[in-house]
Amino acid sequence: MTIADLTRSPEWAALKRHRQSLAKTRVADLFKDDPQRFTDFSLTLDEFAFDFSKNLVTAKTMRLLHDLASAADVAGWCERMFAGERINTTEDRAAYHVALRHQGPEPMMVDGKDVMPDVRKVWEQMRGFATSVREGTWRGATGERIRTVINIGIGGSDLGPAMAVQALRPFCHPEMHFYFVSNVDGAHLQAALAHADPASTLFIVSSKTFTTQETLANANAARDWLTARLSPGAVPKHFVAVSAAVDKASTFGIAPENVFGFWDWVGGRYSMWSAIGLPIAVALGWDGFERLLAGAHAMDQHFRRAPAEQNIPLTMGLIALWNIDFLDADAYAVLPYAQDLARLPAYLQQLEMESNGKTTRRDGKRVKCATGPVLFGEPGTNGQHAFYQLIHQGTQRVFCDFILAARDRSGYPDLHRLLAANFLAQSQALMLGKSAAEAMAEMRQAKMKAGKARALSTHRSFAGNRPSNSILLGELDPYHLGKLVALYEHKTFVLGILWGINSFDQWGVELGKQLANDILGGRGVARDGSTAGLKALYDAWQG
Ligand code: F6P
């Protein structure tokens with residue numbers, strides 16, 4: 001049975017007491033006491049390792065956390081998701097992204113219907129289209145082959161494909177260019193068009209609802225750009241759409257056979273596996289896209305079948321809960337030691353913050369604990385020279401995920417060794433820290449005068465005991481990226497279950513949209529003095 005408010009459960013209370021008992025425990029000492037700690041507190045799935053040993057956890061902590069997961073019936077909720085039940089209760093629909101990467105012959109049922117035939121039909125459509133664009137059999141209106149693909153979409157209709165195409169750069173078509181335009185600031189579209197030749201440019205307009213203001217405005221501007229340079233008749237050869245609202249996309253002027261559909265049971269931020277992944281399929285080719293799906297499916301199977309103690313998404317969710325609700329973490333940093341993963345933090349911001357940035361539980365009551373933290377991040381080593389100072393010595397408590405791929409594709413093995421050394425060193429430094437006495441001894445050894453060394457010793461000391469996970473992939477390829485993203489999806493889901501919230505709706509983004517429309521329509525500006533004042537300045541400065 002599910003307990004709506006886990007914070008009132010005996011399992012939660014046991015964790016609170018246990019946390020007190022660890023008040024003086026240092027993770028570095030746990031390593032000294034247990035030479036097996038890395039083995040006991042890390043999990044692998046083929047060439048995918050999740051090391052959580054640098055967190056303040058013991059065997060007892062994990063046992064208590066797993067008790068909590070049982071009390072919340074995480075396993076039951078997982079089954080409900082895989083059974084296509086309407087677990088997105090406030091929108092009354094399934095959250096069935098796992099069907100989009102399902103590999104076996106088994107049916108995947110929603111409302112008594114196997115969705116796989118429809119999923120496979122869209123796969124075929126995507127495969128045909130991606131192949132013809134890549135091979136040049138799809139031609140623009142003047143007979144040119146397509147060299148530039150511009151995806152127009154925002155949120156879930158942008159971040160996944162943008163992140164993946166960048167992450168998998170070495171696997172992308174070498175003679176094609178991919179741009180992602182999301183912002184309604186015309187500078188974004190203008191920057192993409194500056195590189196584009198209309199005759200060889202294809203626009204993919206991606207929007208689940210096909211009502212999103214930014215996307216429609218950008219798509220209209222792009223269509224004007226194209227028709228002014230070619231002709232109105234050129235649109236069908238240069239525009240395709242991806243949407244769950246096929247009729248609306250057709251009204252925009254896109255031929256129905258060039259609209260790639262998906263379904264209401266695919267949430268926007270869980271949609272890169274659907275036709276929303278079309279730019280990825282064009283960039284990688286169909287085989288590459290299938291590898292991405294296969295990697296995600298491998299993680300799905302693991303999440304569904306692996307025993308709790310070996311289950312990576314479950315463990316990652318429990319560790320996050322421990323850091324947020326028992327160790328009072330304020331923020332969460334995702335730190336990929338891979339330049340090509342530069343957009344991963346932005347992608348995860350939507351996945352985690354739109355899913356779990358909530359104060360209302362499934363039962364309509366207010367949560368009694370902290371939920372989704374602020375997520376931020378940058379590739380290492382760049383972040384080290386920017387915000388790591390705060391992570392090491394600030395008053396905010398930040399827990400971190402460090403990510404590295406073991407095999408390098410850049411062709412610069414010496415640089416990769418430096419990258420890996422930094423990946424290892426940062427989590428080690430966060431855990432070990434350095435006492436003022438150690439800092440003082442170091443300075444004295446470097447012949448610094450005692451008075452100066454004493455004055456600097458507190459500045460140069462580190463508290464340590466700062467928690468982090470490390471994720472090591474064999475390689476940053478489509479298969480491992482699929483696993484990585486599915487891991488974060490399921491971990492986000494686990495957290496939602498533990499907090500008793502629905503991770504699949506996003507009512508919090510609606511008010512701003514509504515007020516923007518009011519303001520556009522000339523209403524609403526006078527509701528408050530600041531808005532009225534800013535609007536008056538804007539009008540005046542526009543001239
Ligand atoms: O504003 C939030 C949101 O609804 C996201 O959840 C979604 O990914 C994004 O807007 C884009 O929506 P659409 O794909 O319908 O254009």
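A pocket is defined on a 1 Å grid over the protein atoms alone as an open set of points where a 1.4 Å probe fits, with protein on both sides within 12 Å along at least five of seven lines; its lining residues have an atom within 4 Å of a point. In this predicted model, local features require pLDDT of at least 70 and side-chain atom pairs pLDDT 80 or more, whereas totals for chains, interfaces and linings use all residues. Residues are numbered from 1 along each chain as its sequence is written, and side-chain values use heavy atoms, with hydrogens and water left out.

The ligand sits in the largest pocket, a criterion met if more than half of its atoms lie within 2 Å of the grid points. The volume of this pocket, the space filled by probe spheres set on the points, is about 920 Å³. Its lining comprises 36 residues, of which Thr209, Thr212, Gln506, Glu510 and Lys513 are the closest to the centre. Helix α22 provides the largest share, four residues.

Around the ligand there are 14 residues, and Ser157, Ser207, Thr209, Thr212 and Glu354 come nearest; a residue is counted if one of its heavy atoms lies within 4 Å. Polar contacts (pairs of N or O atoms within 3.5 Å) link ligand oxygen atoms to the side chains of Glu354 at 2.7 Å, Gln350 at 3.1 Å and Lys513 at 3.4 Å. Taken alone, the ligand exposes 390 Å², of which the protein buries 87%, with accessible areas computed by the Shrake-Rupley method with a 1.4 Å probe.

Definitions and conventions. Polar contact = N/O pair within 3.5 Å; in protein donor to acceptor, adjacent residues only side chain to side chain. Helix = DSSP H or I, 4+ residues; strand = E, 2+ residues; numbered from the N terminus.
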